[in-house]
Amino acid sequence: MTNAPASPPPPTVAVLGAGSWGTALALHCARRGLPVRLWTRSVEHYEAMAAARVNARYLPEFPFPDNLAVEHDLGRALAGAGFVILAIPSHGLRATLHLVQAALAELAAAAPRPYYLVAAKGVEIDSLRTMADVVHETLPKEHAERMAVLGGPSFAAEVARGLPTAVVIASADAAAAAAIQQWMHGDGLRVYATDDVVGVELGGAFKNVIALAAGVCDGAGLGQNARAALITRGLAEIGRLCIALGADPVTLSGLAGLGDLVLTCTGGLSRNRRVGLALGQGRALQEILDEMGMVAEGVNNTLSAHRLAQREQVEMPITQIMHAILYEGMSVRRAVAALMQRDLKPERD
Ligand SMILES: NC(=O)C1=CN([C@@H]2O[C@H](COP(=O)(O)OP(=O)(O)OC[C@H]3O[C@@H](n4cnc5c(N)ncnc54)[C@H](O)[C@@H]3O)[C@@H](O)[C@H]2O)C=CC1
Ligand SMILES: O=C(CO)COP(=O)(O)O
């Protein structure tokens, strides 16, 4: 009887970015039995986590399992890693990937060609490039082509708690999606796969803009009807832009579109919704961000979505209003009036 070929050993996972999302994904992969190295750029944060064996700043209630090591040396984090998760906020990914590229060159033979999973949800505000574009522009081709992106309704704190969560992995490389799906699926996480990288990336980036607006709506006390209308029309407008940029319309009604939009517009754990809530209550943006101490990608993504909508000549009234509130000093009251007084439209527009 021939023996079935032994399945390859689980890869070592290097998670780059020890914020909420990187830490939650590191905890999940460790629970899946994968050896994990969680890398942070901050020496102080590295020393604190190494001493306490917990990320006290972002997820203090989840001690690290034995197979989760903390790293500050990028070369050591990447050496021998077969799976690299990029959980850096979108504004910092390009700079981090330049460090990765340099570390890979140093490692040379010791650096297997890992699969990469982009976990950030954003579009660069100056270049208007997606995170997948940034990977292709910074990593060697033989590495960049082994990339996937992650989307779907997935609050870090709930993933860290092991609560049932469904996400979607998108890659042009079916083998990459299948491998990552195998490694991550289980222990409360259902992992779907698709080849629509654009749709998953842009759905995840632009839902943050609508989540800011949903927070403004609730903060200003506009009611449940208004929020439901905002979510519905928000999906319509981000769908128009995503499709104009090459997304599959089906993706927008899936986990990375509708799923993540509903979660982030209504869930109390959303940082974007929390920023919007405080804006709606009349607080100043910088004060809100300083107090929160975490990233709210919707602030930058409002800029990138607004610029892309102008470039692609796509009408995005909610994004335009969020841009006016965040960057043009428009009051929430005037913003609401402007939205409600728009010309009559067929719903399909
Ligand atoms: N927190 C969540 O529930 C989820 C977050 N995401 C996405 O994950 C990405 C990361 O967000 P979070 O971890 O939540 O943010 P966070 O604010 O919790 O942590 C951000 C981490 O990135 C580090 N960082 C910031 N700028 C950096 C740079 N230039 N280079 C290297 N490291 C840098 C910070 O030191 C911090 O450790 C975002 O794009 C976010 O949209 C996606 C799904 C869920
Ligand atoms: O993307 C997320 C959940 O899927 C996290 O949302 P926030 O960035 O608004 O917290």
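The following exercises, each with a worked solution, concern the surroundings of two ligands in a predicted model.

**Exercise 1.** Determine how many residues surround ligand 1 and how they divide by class.

*Solution.* Step 1: Begin with the count. Ligand 1 is surrounded by 22 residues. The closest are Ser20, Ala156, Arg271, Val295 and Glu297.
Step 2: Sort the shell by class. It holds 12 nonpolar residues, six polar residues and four charged residues.

**Exercise 2.** Identify polar contacts of ligand 1 and state how much of its area the protein buries.

*Solution.* Step 1: Look for pairs of N or O atoms within 3.5 Å.
Step 2: Consider the backbone. A backbone N or O atom of Val295 is 2.8 Å from an oxygen atom of ligand 1. A polar backbone atom of Trp21 lies 3.0 Å from an oxygen atom of the ligand.
Step 3: Consider the side chains. Arg41 places a polar side-chain atom 3.5 Å from a nitrogen atom of ligand 1.
Step 4: Turn to the area. Ligand 1 exposes 830 Å² when taken alone, and the protein buries 88% of this.

**Exercise 3.** Locate ligand 1 and name the elements that give two or more residues to its shell.

*Solution.* Step 1: Ligand 1 sits in the largest pocket.
Step 2: The elements giving two or more residues to its shell are α1 (20–31) and α4 (90–107).
Step 3: Of the elements, α4 gives the most, with three residues.

**Exercise 4.** List the residues to which UniProt assigns the feature "binding site", and place Tyr58 and Lys121 in the structure.

*Solution.* Step 1: Read the record. The unreviewed UniProt entry places this feature at Ser20, Trp21, Arg41, Tyr58, Lys121, Ala156, Arg271, Val295 and Glu297.
Step 2: Among these residues, Lys121 belongs to the lining of the largest cavity.
Step 3: Tyr58 occurs in the loop between α2 (43–52) and β3 (68–71).

**Exercise 5.** Describe the shell, polar contacts and burial of ligand 2.

*Solution.* Step 1: Count the shell. Ligand 2 has 13 residues around it, the closest being Lys207, Asp260, Ser270, Arg271 and Asn272.
Step 2: Divide the shell by class. Four residues are nonpolar, five are polar and four are charged.
Step 3: Examine the contacts with side chains. An N or O atom in the side chain of Asp260 lies 2.6 Å from an oxygen atom of ligand 2. For Asn272, an N or O atom of the side chain is 2.8 Å from an oxygen atom of the ligand.
Step 4: Examine a contact with the backbone. A polar backbone atom of Ser154 is 3.0 Å from an oxygen atom of ligand 2.
Step 5: On its own, ligand 2 has 310 Å² of accessible area, of which the protein covers 91%.

**Exercise 6.** Establish where ligand 2 sits and which element supplies the largest share of its shell.

*Solution.* Step 1: Ligand 2 sits in the largest pocket.
Step 2: At least two residues of its shell come from each of α12 (255–266) and α13 (271–280).
Step 3: The largest share, three residues, is that of α12.

**Exercise 7.** Characterise the domain that UniProt places at residues 196–336.

*Solution.* Step 1: The unreviewed entry names the domain "Glycerol-3-phosphate dehydrogenase NAD-dependent C-terminal".
Step 2: Across residues 196–336 the chain is 78% helix and 0% strand.
Step 3: The end C-alpha atoms of this stretch are 34 Å apart.

Conventions. Residues are numbered from 1 along each chain as its sequence is written. Chains are lettered from A and ligands numbered from 1 in the order in which they are written. This is a predicted model: local features need pLDDT of at least 70, side-chain atom pairs count only at pLDDT 80 or more; totals for chains, interfaces and linings use all residues. Side-chain values use heavy atoms; hydrogens and water are left out. A residue is near a molecule or strand if one of its heavy atoms lies within 4 Å of it. A polar contact is a pair of N or O atoms within 3.5 Å; within protein, one must be able to donate a hydrogen and the other to accept it, and residues adjacent in sequence count only if both atoms are side-chain atoms. Accessible areas come from the Shrake-Rupley method with a 1.4 Å probe; for residues, only the protein chains shown count as cover. On a 1 Å grid over the protein atoms alone, a cavity is a set of points where a 1.4 Å probe fits but cannot get out, and a pocket is an open set with protein on both sides within 12 Å along at least five of seven lines; lining residues have an atom within 4 Å of a point. A molecule sits in a cavity or pocket if more than half of its atoms lie within 2 Å of its grid points. Helices (H or I, at least four residues) and strands (E, at least two) are DSSP runs, numbered from the N terminus. Ala, Val, Leu, Ile, Met, Phe, Trp, Tyr, Cys and Pro count as nonpolar, Asp, Glu, Lys and Arg as charged, and the others, Gly among them, as polar. UniProt positions are given in the numbering used here, feature names are shortened, and annotations may be inferred rather than shown by experiment.
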